[in-house]
Amino acid sequence: MLRGFSNKRNHLVARTLRNAAEQDVCPKAYIGQSQRCERVAKPTSNNEIPQGLAYENWLSFCMTAGIHVAEMRFNKPISNANEIGGGHRENRGPHMMRKVSVASILALVSSQAIARDDLMMSARQIFRPIPKVLPAIRDNPVTPEKVELGKKLFFDPRISVSGIISCNTCHNLGTGGVDAGPTSVGHGWQKGPRRAPTVYNSVFNVAQFWDGRAPDLKAQAKGPVQASAEMNATPDHVTKTLNSMDDYVGMFKQAFPRDTPSVSFDNFAKAIEAFESTLTTPAAPFDQYLNGNASALNDQQKAGLKLFMDKGCSSCHRGINIGGQDYFPFGVVGKPDAKLLPTADKGRFVVTNAVGDEYVFRVAPLRNVALRAPYFHSGQVWSLEEAVGIMGEVQLGTKLDDKERSDIAAFLNALTGHLPNIEYPMLPTRTNETPPPSLGR
Ligand code: HEC
Ligand code: HEC
């Protein structure tokens, strides 16, 4: 065990290394200017560590700390990192460490040397712009017919038992894809325990919900319909409602021509997933920057980006969605206030039942984050600067000063992209067969 470092902390570093290896990037660039390495590596007397030395010290830290994941990754040349695959923390024993080859270390150091000099280059190793083409979806080819149908379903409150609540009630596309908060209010004025996450760009997340319990959007879409505190309906209510309106039946036939019947709860979810896959927000200033336009970010935003990488935020918030890829404790170094982290909600523990997953949540994706206060799964923090400060303290053990907080917030503002132009859809007219709204149970 390393002095001053908790197991959680080691775990964090291990995750970072693994992520870096998976993405085939130098871990040092990956965690910015390696704030963590420098803390761990003994600084020289003048407190400056030559980059290469810091890197090696850092590598030996990983070895002494017994971070097997890291060494497991690095025992192959980095160019093969993608083949190593898998996501398990395996303990393969110290003999594996010796296999770290000199060639792979050199490869890492040289790629890091390039990254060191160039903010844009380092950023490109960690983040990805939102693709201009819409993403493909597993087991659900996206067609214009499905998207059009899914959009109507997203806005149709008659899916809910009360006839009042649509997906858009809690994921309002006009307010960043979220509701007013702090946590969602659903059927019968019931207050749910968590903040609504945004539906914009959710297609890029590794799994859905704060705890990642739904593998994809089609699985996700079935949840809120049936949740008693959300739409309080049943699959039966949904298909009955849809079958009662010929226009819907016709649209399902066009969207799912090979299925009999084409109206089903599964296809309802697939249509919504297809629509949600179109809710991407490309061309944020940060995307333009990643695509090579150096003036797309102003100086303060660049300073914020640099801090975001140097301080270590980007070890968790990375990739296309600047998050949404990994799971970490909310409170790696310090425990957040009980108001922010209510003890009853144990996060991912409920999904995996693994003790290490208590109070673990999916790293929040930060695209368009400036549009959707309040923050965190508990929705208790209304200012972005404050949220940034809290993250510094509880995830990294760093107290950010006012300027650092506002620089990082300025960078986060550059993550606001072009939101799609959404025309409110006209919905099929009810018939005598359409179940009437019910406000009771
Ligand atoms: C009553 C409010 C409410 C309604 C209605 C609602 N949601 Fe949600 N939605 C939430 C909350 C709260 C969460 C987070 C729950 C959690 O993490 O346990 C969520 C999570 C999601 C997510 C996951 C996003 C992410 O980043 O993980 C998606 C996608 C989503 N909802 C889509 C929908 C769709 C589609 C509908 C309509 C069928 C819908 N929601 C109806 C409140 C609502
Ligand atoms: C160890 C991983 C980790 C690090 C490091 C980290 N975060 Fe986070 N971040 C998370 C997780 C997990 C959440 C979700 C917390 C929750 O609400 O349960 C989150 C949430 C957030 C949110 C709230 C977003 C929302 O939609 O509510 C912001 C803003 C944020 N982080 C910014 C930062 C900044 C800025 C830094 C660096 C100072 C940082 N994070 C460092 C893991 C991390």
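What share of the 441 residues in the protein chain do buried residues make up?

1. **Overall picture.** Buried residues account for 44% of the 441 residues in the protein chain. Bear in mind that this is a predicted model. The chain's secondary structure comes to 19 helices and two strands. Take the contacts between residues at least 6 apart in sequence: 69% of them join residues at least 24 apart.

2. **Ligand 1: the shell.** Ligand 1 is surrounded by 26 residues. Cys167, Cys170, Gly186, Phe209 and Pro224 are the closest. By class, the shell holds 15 nonpolar, nine polar and two charged residues.

3. **Ligand 1: which helices contribute.** Two helices deserve a look here. Helix 10 (167-170) and helix 11 (217-226) each supply at least two residues of the shell around ligand 1. Helix 11 gives the most, with five residues.

4. **Ligand 2: the shell.** Ligand 2 has 26 residues around it. Cys313, Cys316, Phe361, Phe376 and Met391 come nearest. The classes are 19 nonpolar, six polar and one charged. Helix 18 (residues 384-396) is the element that gives the most to this shell, with six residues.

5. **Phe209.** This residue is among the closest to ligand 1. Look for it in the loop between helix 10 and helix 11. Its phi is near 85°, a positive value in a residue other than glycine. Is Phe209 buried or partly exposed? Phe209 has 19 C-beta neighbours inside 10 Å, so it counts as partly exposed. The cut-off for buried is 20 or more.

6. **Phe376.** This residue is among those nearest to ligand 2. It sits in the loop between strand 2 and helix 18. Phe376 is not a glycine, yet its phi is positive, at about 75°. It counts as buried because it has 21 C-beta neighbours inside 10 Å.

7. **Two cis peptide bonds.** Which residues do they join? One cis bond joins Gly181 and Pro182, with omega about 0°. Pro182 has its place in the loop between helix 10 and helix 11. Phe209 lies in the loop between these helices too. Another cis bond joins Thr260 and Pro261, with omega about -5°. Pro261 is found in the loop between helix 13 (246-255) and helix 14.

8. **Helix 11 against helix 14.** Two packed helices are described by the angle between their axes and the distance between the axes. Helix 11 and helix 14 (residues 265-276) pack at about 115°, and their axes are 8 Å apart. The crossing is right-handed. On the helix 11 side, Leu217, Lys218, Ala221 and Lys222 make the contact. On the helix 14 side they meet Phe265, Ala269, Lys270, Ile272, Glu273 and Glu276. By class, this contact has five nonpolar, no polar and five charged residues.

9. **Helix 9 against helix 13.** Helix 9 (residues 144-155) packs on helix 13 at an angle of about 145°, with the axes 8 Å apart. This crossing is left-handed. Helix 9 brings Glu145, Lys146 and Leu149 to the contact, and helix 13 brings Met251, Phe252, Gln254 and Ala255. The classes are four nonpolar, one polar and two charged residues.

10. **The largest nonpolar core.** How many residues are in the largest nonpolar core? It has 41. Phe308, Ala387, Val388, Ile408, Phe411, Leu412 and Leu415 touch the most other members. Several elements each supply at least two residues of this core. Among the helices that do so are helix 8 (119-126), helix 15 (285-290), helix 16 (299-310), helix 18 and helix 19 (402-413). Strand 1 (327-329) and strand 2 (360-362) do so as well. A second, separate core has 33 residues, including Leu217, Tyr248, Ala269 and Ile320.

11. **Phe308 up close.** Leave out residues up to four places away in sequence. Phe308 then touches Cys313, Ser314, Ile408 and Phe411. One of these, Cys313, is also listed among the residues nearest to ligand 2.

12. **Links worth tracing.** Helix 18 both feeds the largest core and gives the most to the shell around ligand 2. Helix 11 gives the most to the shell around ligand 1 and also packs with helix 14. Leu217 and Ala269 take part in that helix contact, and both belong to the second core.

Methods
Residues numbered from 1 in each chain as written. Chains lettered and ligands numbered in written order. Predicted model: local features only at pLDDT ≥ 70, side-chain atom pairs only at ≥ 80, totals over all residues. Near = placed C-beta within 6 Å. Helix = DSSP H or I, 4+ residues; strand = E, 2+ residues; numbered from the N terminus. Nonpolar A, V, L, I, M, F, W, Y, C, P; charged D, E, K, R; others polar. Axes fitted to C-alpha atoms, helices over the stretch in contact; angles between N-to-C directions. Left-handed = near helix turned anticlockwise from the far one by under 90°. Contact = placed C-beta atoms within 7 Å. Core = buried A, V, L, I, M, F, W, Y, C linked by C-beta atoms within 7 Å. Buried ≥ 20, exposed ≤ 12 C-beta atoms within 10 Å, placed from the backbone.
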